[in-house]
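This report looks at the nonpolar surface and the interior packing of one chain. The sequence and the structure come next.

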Amino acid sequence: MTPAHTPARTPSGMPPAPPRAWSIIILGALLAMLVAASFATLPLQWRAFFTLDAVASMGEFLAGFAPPELALPFLTKTAGAAAETLAMSALGTLLAALAGLALALPGAGRFGRVLRAPVRALLNVLRSIPELVWASILLIAAGLGPFAGTLALAAHTSGVLGRLFADALENAAPHPEASLRTNGAAPMAAFLYATLPQALPQMLSYTLYRWENNIRAAAILGVVGAGGLGQMLKYHLSLFQMQPAATVIAAMLLLVGLVDAVSFALRRVLTR
């Protein structure tokens, strides 16, 4: 006879599937209804998009980008703008990582439950405002140029990293820190030697991933006057100078690919 504690098995020999919660089924149905309503309410003109006239217009537009501008003075200017974009993303991510860590400690309840809710609300506000909106606001205070773009990246990314860091600290196993505290270690020493090492690889991986995203965001922020490759791209496109714009777009792609490769290599080293 089958012992009482042994679960019943299906004819295939596998245990029966666990029961599905109705909440998951209802949530899936609501998401499907939302997608269907989106297609029904948005004026998506798919037929006009695939007409011969649309294809011919797009081909003519893309042909204007060839060949890219390869004059040495323009390439030098593009390289300088790419370096500016890279510096904006790196400095903005560094500032965001420091601010995010400072906000993650109270956001994870390290200083009591009283501060947890308001700090979490602040992180929600920071990350809910897109980088372009932050840049538009900060341009008034900081003026045109990369400084406003760097601050915009730092403000938005602080909210994102602060929330991720706080979750990583809360999900860390509490027993090592509690054991050190029981044996007389100071609270800060127990945190630094027990909890932080558990969450640090994940926090570094989050930071590198956000750096990848900030490279793309820094290139876009130039559209509102925040400097870098985005500002060059807006200038040449506004004058319908397609060949110089093609060079700037190629520089964006190369920069994003380079940062993605470096970030991937660093994450591989950190997660070994």
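In which helix is Trp46 found? The model is a predicted one, and in it Trp46 belongs to helix H2.

## Nonpolar surface patch

Trp46 is one of the residues that make a nonpolar patch of about 800 Å² on the surface, together with Val35, Phe39, Leu42, Leu44, Phe49 and Phe50. Two helices, H1 (22-41) and H2 (46-49), each contribute at least two residues to this nonpolar patch.

## Nonpolar cores

The largest nonpolar core comprises 20 residues, and within it Ile215, Leu229, Val248 and Met252 have the most contacts. Two or more residues of this core come from each of helix H4 (72-107), helix H9 (187-221), helix H10 (228-238) and helix H11 (242-270), and of these H11 gives the most, with nine residues.

When neighbours within four places in sequence are left aside, Ile215 is in contact with Thr85, Leu86 and Ser89, and also with Leu255, Val256 and Val259. A second core, separate from the one just described, has 17 residues, among them Leu123, Ala152, Ala217 and Leu221.

## Surroundings of Thr78

Thr78 is located in helix H4, and it counts as buried because its relative accessibility is 4%, which is under the 20% cut-off. Apart from neighbours within four places in sequence, the residues in contact with Thr78 are Leu229, Met232, Thr247, Val248 and Ala251. Of these contacts, Met232 is 154 residues from Thr78 along the chain, while the C-alpha atoms of Thr78 and Met232 are separated by 8.1 Å.

Note on methods. Residues are numbered from 1 along each chain as its sequence is written. This is a predicted model: local features need pLDDT of at least 70, side-chain atom pairs count only at pLDDT 80 or more; totals for chains, interfaces and linings use all residues. Side-chain values use heavy atoms; hydrogens and water are left out. A nonpolar core is a set of buried Ala, Val, Leu, Ile, Met, Phe, Trp, Tyr and Cys residues joined through side-chain atoms within 4.5 Å. Buried means under 20% relative accessible area, exposed over 50%, partly exposed in between (1.4 Å probe, protein chains only). Helices (H or I, at least four residues) and strands (E, at least two) are DSSP runs, numbered from the N terminus. Contact means heavy atoms within 4.5 Å. Patches are made of residues with over 30% relative accessible area and no salt bridge: like charges are joined within 9 Å, nonpolar side chains (Val, Leu, Ile, Met, Phe, Trp, Tyr) within 5 Å. Accessible areas come from the Shrake-Rupley method with a 1.4 Å probe; for residues, only the protein chains shown count as cover. A salt bridge is a side-chain nitrogen of Lys or Arg within 4 Å of a carboxyl oxygen of Asp or Glu.
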